[in-house]
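Me: I am new to this structure and would like to go through it slowly, with the reasoning behind each answer. Could we take it question by question?

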Amino acid sequence: MYDVALYGHITLDRIFDGFKKDLSIGSMGNVWKQLNKINPLLKIYLEPTEIGEALIFVNKKKNERSSIANLSLHTKKPDLKKSKCSHIMYLNELNNVGFIKDINHGIITADLCRGKQFQNLKILKDIDFLFVSDEDLFMNPNELSKMLKKGLIFHHTTGSVYYNKKGETKEISVKLIENVNVLGCGDMLVAGFLESYLKNNSVVESLNYSHNLITKTLREQKKENENGKS
C-alpha cells in the first residue's frame, strides 16, 4: 500500500517573476516535491489523469500570483492504487471525476485552482477534506463543509480556517511575510497537512505543522533574496 496517491493535473509551468522567467513542473509536481522534501521515505504513487500547460506571473511586492492555463490538453482514466491517502488535484478543472467514487481505501482529499467555478457538488460526498483558497471560495464555507465527509480547509496568506460538518471552526493565524514568492504555498500546505495527518490524525495539529513549514520556507526565501541584493 502507498502512503499518498496523487491524481489529477500535472502541468508544464512557464513562470515569470518580473522579467525573469523559468520552467517548472507544476500541479502534481509541486505536491510531490514538497512531500518528498518533508519525508523522503514516503511511498508516493503518481497517476496524472490530465496533462496541460500554464503561464504564471508572480508579484512579490504584493504577495500575489496569477495564471492562465490549458490544464486538460490530454486526458486518461487512472489506474487506481491502494493508498492511505488519495489526493485529487484541481477538482474544478477536471474533465473526468468519475474515478473518485471508485477509490475505496484511506482518506480522500482534493483542492481547487484558479479557473472554472466548481459545479459538481455531488462528488463532494466522496471527499473527506477539500482545500480551498480565498481566491477560489465559491460559496458559504459553513454550507460547503456540510457536503464533505469531514470538512473544509479554507486558507489564505495569513493562515487557514477549518470548518467541520458540525458547524465548528478552528482558525490558525500566521504572520504575513512580505516581498516573497507565494507561488506553491497552497501545494505546500496540502503536502504538509497530508504527511502530518497520516501520523497523528489531527486536523489542527496538521494545519499548524503545515503553516510552520510554509513560514520557515518563506523566511529562508526572503533571507536569500536580501543576501542576493547586498
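Me: Is Y90 buried or exposed?
Reply: This is a predicted model, and in it Y90 lies in the loop between β5 (83-89) and β6 (107-111). The relative accessibility of Y90 is 12%, and a residue has to be under 20% to count as buried. Y90 therefore counts as buried.

Me: What is the phi of Y90, given that it is not a glycine?
Reply: Y90, the residue in the loop between β5 and β6, is not a glycine, and yet its phi is positive. The value for Y90 is about 65°.

Me: And what is the phi of S27, which is not a glycine either?
Reply: S27 is found in strand β2 (residues 20-27), and with a relative accessible area of 3% it is buried. Although S27 is not a glycine, it has a positive phi, of about 60°.

Me: How many aromatic pairs does a search of the whole structure find?
Reply: A pair of aromatic rings is described by the distance of the centres and the angle of the planes. For rings to pair, their centres must lie within 6.5 Å. When the whole structure is searched, the number of aromatic pairs found is nine.

Me: Why is the pair of Y7 and Y45 called edge-to-face or stacked, whichever applies?
Reply: The ring centres of Y7 and Y45 are 6.1 Å apart, and their planes stand at 70°. Planes over 60 degrees apart count as edge-to-face, so the pair of Y7 and Y45 is edge-to-face.

Me: How many residues apart are Y7 and Y45?
Reply: Y7 belongs to strand β1 (residues 2-17) and Y45 to strand β3 (residues 44-59), so that the pair links distant parts of the chain. Both Y7 and Y45 are buried. Along the chain, Y7 and Y45 are 38 residues apart.

Me: Which helix holds F193, the partner of F131?
Reply: F131 and F193 form an edge-to-face aromatic pair, with 5.4 Å from centre to centre and 80° between the planes, and both residues are buried. This pair also links distant parts of the chain, its members being 62 residues apart. F131 is in strand β7 (residues 129-133), while F193 is in helix α3 (residues 185-200).

Me: Which residues form one aromatic cluster with F131 and F193?
Reply: The pair of F131 and F193 belongs to one aromatic cluster that has further members. Besides F131 and F193, the cluster contains F129, Y162 and Y197.

Me: Which residues does V203 touch, not counting residues up to four places away in sequence?
Reply: V203 lies in helix α4 (residues 203-229) and is buried, with a relative accessible area of 12%. The C-alpha atoms of V203 and F193 are separated by 7.8 Å, the two residues being 10 residues apart along the chain. Not counting residues up to four places away in sequence, V203 touches F129, Y162, F193 and Y197.

Me: How are α1 and α3 oriented to each other?
Reply: Helix α1 (residues 28-38) packs against α3 at an angle of about 45°, their axes being 8 Å apart, and α1 passes α3 in a right-handed crossing. The contact is made by N30, V31, Q34, L35 and I38 of α1 together with D187, M188, A191, G192 and E195 of α3. Since about 45° is neither under 35 degrees nor in the range of 65 to 115, α1 and α3 are therefore oblique to each other.

Me: Is H155 buried or exposed?
Reply: H155 lies in strand β8 (residues 151-156). Leaving out residues up to four places away in sequence, H155 touches F131, V132, S133, D134, S160, G186 and L189. Its relative accessibility is 14%, so H155 counts as buried.

Me: What is the relative accessible area of E50?
Reply: E50 has its place in strand β3. Apart from neighbours within four places in sequence, the residues in contact with E50 include G8, H9, I10, L71 and E93. E50 is buried, with a relative accessible area of 1%.

Notes: Residues numbered from 1 in each chain as written. Predicted model: local features only at pLDDT ≥ 70, side-chain atom pairs only at ≥ 80, totals over all residues. Heavy atoms only, no water. Phe/Tyr/Trp six-rings, centres within 6.5 Å; stacked < 30°, edge-to-face > 60°. Helix = DSSP H or I, 4+ residues; strand = E, 2+ residues; numbered from the N terminus. Buried < 20%, exposed > 50% of the residue type's maximum accessible area, 1.4 Å probe, protein only. Axes fitted to C-alpha atoms, helices over the stretch in contact; angles between N-to-C directions. Parallel < 35°, antiparallel > 145°, perpendicular 65-115°, else oblique. Left-handed = near helix turned anticlockwise from the far one by under 90°. Contact = heavy atoms within 4.5 Å.
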